[in-house]
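Visitor: I am new to this structure and should like to learn how to read it. May we go through its features one at a time?

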Amino acid sequence: MKFFITARDISGSVTLERETVPAALKKAGELLSVGYFNVEIVMPDGAAYHSGEFDQLRERVGIAVGG
């Protein structure tokens, strides 16, 4: 499956892809930590999770919050 991570910074936007939710969450966290904004993860079913909803995404896929 493909999980897309989209984000913006002052230079423009970026779209990356990862094969798993944990990998997508890790990359999204890295982007946030270096100043990207409007970071979201788009699921294969089209559901989009913005950075404030990442805990909901973890719950959806059974990843411990904070893990």
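Guide: Certainly; please bear in mind that this is a predicted model.

Visitor: Let us begin with a helix. Which residues of helix α2 are buried?

Guide: A residue counts as buried when its relative accessible area is under 20%. In α2, which spans residues 54-61, the buried residues are Phe54, Leu57 and Arg58. They lie on the same side of α2, because they cover an arc of only 100° around the axis.

Visitor: Against what do the buried residues of α2 pack?

Guide: Their packing partners are helix α1 (21-33) and the strands β3 (37-42) and β4 (48-50).

Visitor: What follows α2 in the chain?

Guide: Gly62 follows α2, and its phi is positive, near 80°.

Visitor: How should one read the sign of phi in general?

Guide: Most residues other than glycine have a negative phi. Asn38 is not a glycine, yet its phi is positive, about 50°.

Visitor: Where is Asn38 found, and is Asn38 buried or exposed?

Guide: Asn38 belongs to strand β3. Its relative accessibility is 54%, so Asn38 counts as exposed.

Visitor: How are the strands arranged in the sheet?

Guide: One reads a sheet by the order of its strands and the direction of their pairing. Here 4 strands form an open sheet in the order β2-β1-β3-β4, with antiparallel pairing. β2 and β4 are the edge strands, each having a single partner, so one side of each is left without a neighbour in the sheet. On average, neighbouring strands of this sheet are turned by 20° against each other, direction ignored.

Visitor: Which strands does α1 touch, and which does α2 touch?

Guide: α1 packs on the sheet and touches β1, β2 and β3, its direction making about 5° with that of β1. α2 also packs on the sheet, touching β3 and β4, and its direction makes about 135° with that of β4.

Visitor: How many residues of β1 are buried?

Guide: Strand β1 covers residues 3-9, and 5 of its 7 residues are buried, so β1 is largely enclosed by the rest of the structure.

Visitor: How many bridges join β1 to β2, and how many join β1 to β3?

Guide: Bridges show how strands are paired. Between β1 and β2 (residues 12-18) there are 7 bridges, and these two strands run antiparallel. A hairpin through 2 residues connects β1 to β2. Phe3 has Arg18 of β2 as its bridge partner. β1 is joined to β3 by 4 bridges, again antiparallel, and there Thr6 stands opposite Glu40 of β3.

Visitor: Let us close with a single residue. Is Val21 buried or exposed?

Guide: Val21, which is found in helix α1, counts as buried because its relative accessibility is 7%.

Visitor: With which residues is Val21 in contact, leaving aside its neighbours within four places in sequence?

Guide: Those residues are Phe3, Met43, Leu57, Val61 and Ile63. Phe3 is the residue whose bridge partner in β2 is Arg18, and Leu57 is one of the buried residues of α2. A further distance may be added: Val21 and Ile41 are 20 residues apart along the chain, and their C-alpha atoms are separated by 8.7 Å.

Note on methods: Residues are numbered from 1 along each chain as its sequence is written. This is a predicted model: local features need pLDDT of at least 70, side-chain atom pairs count only at pLDDT 80 or more; totals for chains, interfaces and linings use all residues. Side-chain values use heavy atoms; hydrogens and water are left out. Buried means under 20% relative accessible area, exposed over 50%, partly exposed in between (1.4 Å probe, protein chains only). The arc is that of the directions from the helix axis to the C-beta atoms. Contact means heavy atoms within 4.5 Å. Two strands pair if DSSP finds at least two bridges between them. Axes are lines fitted to C-alpha atoms, for helices over the stretch in contact, and angles run from 0 to 180 degrees between N-to-C directions.
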